[in-house]
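Please read the following briefing alongside the sequence and the 3D structure shown here. The points are grouped by topic for a reader who is meeting this chain for the first time.

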Amino acid sequence: MYRREFFSYCLRAGLGLGFSGLFSLAYSSEALRTTKARATDRRRMVSTRIDTHGHTVSGLTADRVISLMDMSGISHMVLMARGRKNDALTTEIYKKHPQRILPFVSTMYPGWHRQDFRVLNRAERLLGTGIYKGVGEVMLRYYGIPSKNEPEINVPADSPFIRKLSDIVVRHNAVIIVLMEPEPEAIRSLENLLNYNKDLKLIWAHSGTVAKVQLYSIGHADIGELMDRHPNLYTDIAGVQPKSVAPSGGLRRPSITDDDGILLPRFKELLERHSDRVLFGLDTPWMQCWAEEPFKRWVEWADKVVAQLEDAGAAERIMYKNAARLFNI
Ligand SMILES: [Zn+2]
């Protein structure tokens, strides 16, 4: 959706963005100041953002979601519930703002982690309602956070369970978002899945980064190389903000930038090489993520990230055009 179209969309949808809201739709002044040539900066202004990695958490309200989206110039947001019971909350928020919310069927509860096939029937039924746009966040390989009592998860991407899920997702023209620590065996199984189901649109979240716990033993994956081979493989810049901009930074993954928001070379290369399949997302799995301050800082951080890319069109692609194409917006 182009700038003018989004503005008229705002008017049609009665979003009531004031002057400051409209201003925030353009790239943040900080991002503008920090890039080199002003003439180039102008081309990098984008009109809106689509957050492809939001989470519904207990206590979240539609009002809070929409007011933070408006404040940050986010036109649409994917919502993936933490816990099966929060699917109802995702639906409730969607029903209040069907033009703005892209609901996903939740996969973040034990039935999915132990590969109970009954959850696939539920996913198929929910996708069949036409409300849900995808499933996720599917935890394929996850180390868990001991302080939060989370279990370690290992569900191979090429298991009969995930293969069947992929068939369901494709049948409903939906999208799947996965979290997978990039262990060699996990990557092999992901490639098997993508070869098995060439029509599957899959977002491997978090830019190929590995959780800090294994950072020094397996290192980040070269997800760009995988994306070369698999044209329906996407990734996002969610949950990879530096400690300086994330609340409770220890819960975040390693950042793709330094503390000043400057892209580390390997991730700059990834974003430039695959600017047509990298997506903007925040990752908001805890209630403290849904406060004004972190939200604002994360969006500014993302603006600054894409403002560093050489190709003037990359910022718009990553911030919303890729998602608009993926979700038929
Ligand atoms: Zn997430």
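Strand 1 (residues 49–56) and strand 2 (residues 74–82) pair in the parallel sense over 6 bridges, where two strands pair if DSSP finds at least two bridges between them. The model is a predicted one, in which local features need pLDDT of at least 70 and side-chain atom pairs count only at pLDDT 80 or more, while totals for chains, interfaces and linings use all residues. Residues are numbered from 1 along each chain as its sequence is written. The chain has 15 helices and 9 strands; helices (H or I, at least four residues) and strands (E, at least two) are DSSP runs, numbered from the N terminus.

**The chain as a whole**

- Of the 329 residues of the chain, 47% count as buried; a residue is buried if 20 or more other C-beta atoms lie within 10 Å of its own, exposed if 12 or fewer, and partly exposed in between, with the C-beta atoms placed from the backbone.
- Taking the contacts between residues at least 6 apart in sequence, 77% join residues at least 24 apart, where two residues are in contact if their C-beta atoms, placed from the backbone, lie within 7 Å.

**Strands and their partners**

- In the pairing of strand 1 with strand 2, His-55 stands opposite Met-80 of strand 2. Strand 1 has 8 of its 8 residues buried, so it is largely enclosed by the rest of the structure.
- Strand 4 (residues 134–142) is likewise mostly covered, with 9 of its 9 residues buried.
- Strand 3 (residues 101–108) runs parallel to strand 4 and is joined to it by 3 bridges, and Ser-106 has Gly-136 in strand 4 as its bridge partner.
- Strand 4 also runs parallel to strand 6 (residues 175–180), to which 5 bridges join it, and here Arg-141 stands opposite Met-180 in strand 6.
- With strand 5 (residues 153–154), by contrast, strand 4 runs antiparallel over 2 bridges, and Tyr-142 stands opposite Ile-153 in strand 5.
- Strand 6 and strand 7 pair in the parallel sense over 4 bridges, with Trp-204 in strand 7 as the bridge partner of Val-178.
- In a regular strand the side chains alternate between the two faces of the sheet. Strand 7 (residues 201–204) is covered on both faces, since Lys-201 and Ile-203 on one side and Leu-202 and Trp-204 on the other are all buried.

**Helix 8 and the loop before it**

- Helix 8 (118–128) follows a loop that begins after helix 7 (110–113), and Gln-115 has its place in that loop.
- Gln-115 is partly exposed, with 16 other C-beta atoms within 10 Å. Leaving aside neighbours within four places in sequence, Gln-115 is in contact with Val-155, Ser-159 and Phe-161.
- The C-alpha atoms of Gln-115 and Asn-154 are separated by 9.9 Å, although the two residues are 39 residues apart along the chain.
- The buried residues of helix 8 are Val-119, Ala-123 and Leu-127. Seen down the helix axis, these residues fall within an arc of 75 degrees, so they line one face of helix 8; the arc is that of the directions from the helix axis to the C-beta atoms.
- These buried residues pack against strand 3, helix 7, strand 4 and helix 9 (160–171), whereas the face turned away from the buried side carries the exposed residues Arg-118, Asn-121, Arg-125 and Gly-128.
- Just after helix 8, Gly-130 takes a positive phi of about 85 degrees.

**Helix 13 and its cover**

- In helix 13 (residues 265–273), Phe-267, Leu-270 and Leu-271 are buried. Seen down the axis of helix 13, its buried residues fall within an arc of 95 degrees, so they line one face of the helix.
- The cover over the buried residues of helix 13 includes helix 12 (223–229), strand 9 (278–279) and helix 15 (314–326).

**Helix 5 against helix 14**

- Helix 5 (residues 62–72) and helix 14 (residues 292–307) pack at an angle of about 35 degrees, with their axes 10 Å apart; axes are lines fitted to C-alpha atoms, for helices over the stretch in contact, and angles run from 0 to 180 degrees between N-to-C directions.
- The contact is made by Leu-68, Met-71 and Ser-72 of helix 5 and by Glu-292, Phe-295, Lys-296 and Val-299 of helix 14.
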